[in-house]
Each structure stands twice: as C-alpha cells, then as structure tokens.
Amino acid sequence: MESAKGYSYTDLYARHVNDYQELFHRVSLQLSRSSNSSAQNEVEVITTAQRVTLFKTYEDPSMVELLFQYGRYLLIACSRPGTQPSNLQGIWNKDIEPAWDGAPHLNINLQMNYWPSLSCNLKECQEPLFDYISSLSINGNKTAKVNYGANGWVAHQVSDIWAKTSPDRGQAVWALWQMGGAWLCTHLWDHYTYTIDKEFLRNKAYPLMEGCASFLLDWLIEGRGEYLETNPSTSPEHMFTAPDGKLASVSNSSTMDMQIARELFNDIVSAAEELGRSDTDLIARVRKAQARLYPTRIAKDGSIMEWAQDFDDSDTHHRHLSHLFGLFPGHTINIEETPDLCKAAEYTLYKRGEEGPGWSTTWKAALWARLHNSEHAYRMVKHIFDLVDPEHESDFEGGLYANLFTAHPPFQIDANFGFSAAIAEMLVQSTLKDLYLLPALPRDKWANGCVKGIKARGGVSVSVCWSEGDLYEFALWSSSNNGDIFKRLHYRGITAVANISSGNVYTFDKQLKCLRISALLL
C-alpha cells in the first residue's frame with residue numbers, strides 16, 4: 001500500500017491495463033446471430049444491469065462474450081504466481097465475517113475457480129492453486145496419520161488460508177468427506193495434458209499425486225462382491241432417505257468417491273507411463289485397485305445412482321451434481337465409450353432441474369456440453385442472466401449482480417469462472433488424442449462467430465470460425481518442443497487425423513481437410 005501511494009490513479013490504471021492484457025488478449029470471442037435474424041441492430045446506450053435484464057428477451061450474444069471474458073479477467077486479477085488461491089469471493093470480499101468464512105471449499109467451489117485456467121489459455125493463473133495443494137499435502141499427511149492411520153495425505157471438504165485438512169465442525173453431510181485432495185490432484189494431471197510440461201509433471205505434480213494415491217489405497221476397504229469401497233462415505237452436502245424412513249448422509253462408496261478415485265488412479269498410471277515409472281510398487285497396487293473400484297451404476301428410474309445403494313433422494317433438485325463428476329470435469333463417462341451412462345447422466349440432469357445457485361447453473365451448462373446437447377447447455381447459459389437485487393437477494397437463486405459478479409446468493413465468484421469454462425466447453429472439447437469442434441454450439445443463437453486462441457489438450461492452440469451455424473474454418477498450432485502431435489478431429493460425424501508440427505499453423509475447412517500450412521509468427 002505504501003508503494004501504491006507513489007502513483008497517481010492514472011498511473012496505477014495504466015499499469016494494471018498493461019499487466020492484465022498480456023494474458024487477456026490470448027483469447028478472443030465473437031458471437032452473433034444469423035444474418036437473416038430480424039433482431040434489432042441499432043446501438044443503444046444502456047446500463048449493464050439493463051443488459052442483464054433484457055437478455056431473457058433479446059438474448060444478446062455480446063453479453064455472453066462479455067461474461068466469458070469477464071471470468072478470464074477476474075482470474076487474471078485474483079490468482080497470479082506468488083498470491084493465495086482464489087477463494088469463494090476471489091479477492092473481493094467486503095465483510096469482516098464473509099459468507100462461509102470465504103473459505104476454500106474443496107467439494108466443487110475451489111476447483112471450479114480454476115476450470116477456465118487451461119482451456120481459456122491462462123495456465124499461469126493455476127500456480128497459486130498448485131502451491132496451495134503442496135501446503136495441503138503437508139498438513140494432510142498428519143491428518144491421514146492421526147485420523148485414519150493411513151499413509152499419504154488427505155484433505156476434507158472445508159479448508160482455509162492455512163491449508164486446513166481435517167474434517168470440519170458440524171454435521172457429517174458437509175464435514176466428513178475425504179476426497180477433496182484427490183479431486184484437486186486431478187488438476188495436476190490436467191495441467192500436464194494441456195501443457196505437456198514434463199518438468200512440472202516430474203517435480204511438482206507426480207509427488208503430490210503419489211501421496212494422494214497412497215492415502216486412497218489405504219483408505220479403500222474390501223467391500224461386497226470383491227469390490228473396493230470407501231466407508232464412511234458421503235455425497236457432498238446431500239442426504240438420502242434411509243430404509244427406516246429417516247434422513248441420513250453417511251453410507252459407503254458414494255458415486256462421487258468412486259469416480260474421483262477412478263479418475264486419480266487413471267491419471268497417476270498415465271503420469272507414471274510418461275515418466276517411466278510404471279514398474280513401481282505403488283503403480284502395481286493402483287493397477288490392481290483400478291479393476292476393483294465400485295462401478296458407477298444406473299438406478300431403477302434410469303438416472304445415475306448417487307450412492308452405492310439405490311436410496312430415495314431426499315431432494316431431487318439438489319444443487320450439487322456430485323455423481324456426475326465422471327462426466328465433467330472427469331472423463332470416465334463419455335459419449336463414445338459409455339453411451340448408457342451418458343443416457344443416464346442426461347436423465348439425471350433432467351431430474352435435477354434448472355434451478356440452483358450460480359455455480360450449479362454453470363456446472364450444468366458444462367455437463368450438458370459434454371453430452372453434446374447444445375439446447376440444454378444454452379438453456380443454462382441463459383438461466384444465469386437473472387439480475388439480482390442485492391437488497392433482496394434472498395428472493396433469488398443464482399443470477400448476476402449489476403457488476404456481473406455471480407450470485408449464490410450472496411456473491412460467490414465460482415460461477416463467473418464456471419461460466420467461462422462452460423462456454424469454452426461448448427465450442428471446443430479435447431482429450432490427448434481427440435479434438436471436437438463446436439460440439440455444443442447453439443446454432444440458432446450464435447449462428448456466426450469465431451473463437452481464437454483457446455487451448456486443447458496436447459499443447460495445441462485452436463481457432464474456430466463458423467457461419468450460419470456451420471463450421472467455416474479452423475486453425476491448429478503448437479509452439480512446444482515435444483515433437484509432432486497427432487489429433488483425431490471430429491465435427492458432426494466427420495473424422496480426420498491431423499499431424500501438427502511445432503512452429504506451423506494448420507488451417508482446415510469444414511470437411512476437416514487441410515487447406516494450407518504457414519509459419520507460426522510469435
């Protein structure tokens with residue numbers, strides 16, 4: 001603060017603009033209606049609050065652009081190397097005693113804060129999260145020993161600035177959940193898949209993943225039918241009706257527990273292969289455990305079971321979507337390999353409904369996008385544009401304040417970040433091998449557009465342009481030094497293979513045929 005006093009407001013503002021734009025301008029997004037649209041194009045000066053209100057009627061695509069880029073800006077502004085990770089309010093808490101203590105919650109909220117960091121080309125903004133995971137691993141090692149007599153490290157649902165890892169106070173439904181650290185470790189592998197930074201994988205990510213996997217191996221117990229199970233287990237913040245008719249939250253092997261364990265085990269096996277460590281005792285134990293993890297099951301009504309038993313759901317429209325982790329942000333449920341589970345996930349989303357806090361709304365948008373369902377993904381995008389009156393915010397669920405902060409309510413920043421990630425997911429999806437173009441584009445709403453500079457797994461940058469709802473042209477490039485990158489390209493039933501060499505830009509048409517190759521200008 002003393003240093004800042006030496007600068008005028010104009011100087012500080014100029015320094016801020018120069019600082020953030022270096023990261024911000026990596027990605028651009030333009031969306032527009034069809035050229036045949038009868039919508040008004042006249043420019044009218046109105047407030048941001050009015051634009052939010054009018055979105056329900058006019059569905060202005062430029063508001064989607066704005067909120068997408070606003071999420072990127074907020075992440076740049078609140079999470080940079082050397083800072084604390086973004087908390088429930090980012091860095092914009094105004095209260096001495098904020099809602100939920102402003103604490104990092106590890107059952108969705110902290111993770112969602114960092115969902116756009118990779119796809120939206122802001123990898124540096126993840127560094128505070130990784131430093132925080134390192135701190136959690138130190139404290140979590142003690143918690144694992146004291147609470148569970150286990151090796152490795154564990155973190156529960158609610159943490160704080162001092163990286164608390166023990167169970168929280170209060171009822172088990174929110175206090176007792178052992179998978180927070182494991183979920184965070186999936187971000188480490190995801191960072192590698194986008195950057196192909198082997199030094200990061202070797203020195204930072206793998207030791208943390210190794211410790212977390214060690215805990216899970218000790219935590220899993222022999223269950224029914226030769227499966228490995230977690231016990232006691234909860235599905236974050238949600239309760240079920242027990243056979244005796246009473247509400248309960250503790251059972252065994254919640255679906256989210258098992259999906260996170262499966263995701264982390266898959267990740268560490270892949271990481272070990274990349275680092276030449278596949279022959280270690282730990283990886284041998286993980287491989288044996290992988291095949292015995294309790295599977296994701298379909299309930300009698302056709303939805304994904306949230307618990308190992310088909311309990312009656314105490315709140316069908318509950319805000320959390322924990323049992324869909326494997327669909328998004330996980331990868332164990334996907335259209336090509338698990339169509340039956342995708343169908344069940346779709347019905348699960350129908351059951352949950354559209355109402356919920358802001359972060360629930362944006363999670364649903366991303367989940368629908370993974371199902372390549374553009375209609376419902378867009379419905380959730382539209383749902384977030386509900387102007388919240390801060391004087392009567394208890395009357396609202398989700399929505400936006402006049403300054404475009406997202407509401408639980410009260411203000412909670414995770415949905416700002418979740419929104420940016422969901423839009424990216426609607427336009428481009430990827431694995432290390434595959435690239436899906438415009439998988440959930442609402443063609444009737446954003447008939448024309450371009451997104452440039454978005455990132456895909458494998459160290460690939462992507463620009464995509466479309467016209468009247470159909471792919472027009474796209475470009476791929478890589479500036480890494482990891483050799484040629486092979487990608488299977490997918491667009492509306494058409495598939496092709498691309499071989500991308502570092503330092504070149506490859507431009508393709510809508511038939512996925514390469515039109516030209518040009519040198520990458522840095």
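1. Charges over rings. In this predicted model, R15 lies over the face of Y7, with 4.4 Å to the ring centre. A second arrangement of this kind involves R72, which sits over the face of F24 at 5.4 Å from the ring centre.

2. Aromatic pairs. The search of the whole structure finds 24 aromatic pairs. One of them joins F240 and W307 edge-to-face, with 5.1 Å centre to centre and 65° between the planes. This pair links distant parts of the chain, for F240 belongs to strand β4 (residues 240-241) and W307 to the loop between α11 (281-290) and β6 (312-313), 67 residues apart. Both F240 and W307 are buried. Elsewhere, ring pairs connect W115, W183, F325, F328 and W363 into a cluster.

3. The surroundings of R297. Which loop holds R297? R297 is placed in the loop between α11 and β6, and W307 is in that loop as well. The C-alpha atoms of R297 and W307 are separated by 8.9 Å, the two residues being ten apart along the chain. R297 has a relative accessible area of 32% and therefore counts as partly exposed, a class that runs from 20% to 50%. Residues up to four places away in sequence aside, R297 touches Y227, S303, I304 and M305.

4. The nonpolar core. The largest nonpolar core has 149 residues, of which W363, F385, I423 and V464 touch the most other members. Helix α9 (residues 198-219) gives the most to this core, namely twelve residues. W363 also appears in the aromatic cluster described above. F385 is in contact with V52, F55, K56, M63, V64, L67, L400 and F419, leaving aside its neighbours within four places in sequence.

5. A buried glutamine. Is Q126 buried or exposed? Its relative accessibility is 1%, so Q126 counts as buried, the limit being under 20%. Q126 is located in the loop between α5 (116-119) and α6 (127-148). Beyond its neighbours within four places in sequence, the contacts of Q126 are Y114, S117, L118, H187 and H191.

6. Backbone exceptions. Most residues other than glycine have a negative phi, and most peptide bonds are trans. Several places in this chain depart from that pattern and deserve the student's attention. The peptide bond from N231 to P232 is cis, with omega near 5°; P232 lies in the loop between β3 (228-229) and β4. The peptide bond from P409 to P410 is also cis, again with omega near 5°, and P410 is found in the loop between α14 (374-383) and α15 (414-427). E237, although not a glycine, has a positive phi of about 65°, and E237 is found in the loop between β3 and β4. S253 likewise has a positive phi, of about 55°, without being a glycine. S253 is in the loop between β5 (247-248) and α10 (255-275), and its relative accessibility of 1% is why S253 counts as buried.

7. The chain as a whole. The protein chain contains 15 helices and 15 strands. Its radius of gyration is 23 Å, close to the 24 Å that the globule rule gives for 522 residues, so the chain is as compact as a globular protein of that length. The C-alpha trace spans about 65 × 60 × 55 Å along its principal axes. Of the 522 residues, 56% count as buried. The chain exposes about 22,300 Å², and carbon and sulfur atoms supply 50% of this area. Among contacts between residues at least 6 apart in sequence, 65% join residues at least 24 apart.

Methods: Residues are numbered from 1 along each chain as its sequence is written. This is a predicted model: local features need pLDDT of at least 70, side-chain atom pairs count only at pLDDT 80 or more; totals for chains, interfaces and linings use all residues. Side-chain values use heavy atoms; hydrogens and water are left out. Rings of Phe, Tyr and Trp (its six-membered ring) pair if their centres lie within 6.5 Å; planes under 30 degrees apart count as stacked, over 60 as edge-to-face and the rest as tilted. Helices (H or I, at least four residues) and strands (E, at least two) are DSSP runs, numbered from the N terminus. Buried means under 20% relative accessible area, exposed over 50%, partly exposed in between (1.4 Å probe, protein chains only). A charge sits over a ring if NZ of Lys or CZ of Arg is within 6 Å of the ring centre and within 35 degrees of the ring normal. Contact means heavy atoms within 4.5 Å. A nonpolar core is a set of buried Ala, Val, Leu, Ile, Met, Phe, Trp, Tyr and Cys residues joined through side-chain atoms within 4.5 Å. The radius of gyration is taken over C-alpha atoms; the globule rule is 2.2 Å times the number of residues to the power 0.38. Accessible areas come from the Shrake-Rupley method with a 1.4 Å probe; for residues, only the protein chains shown count as cover.
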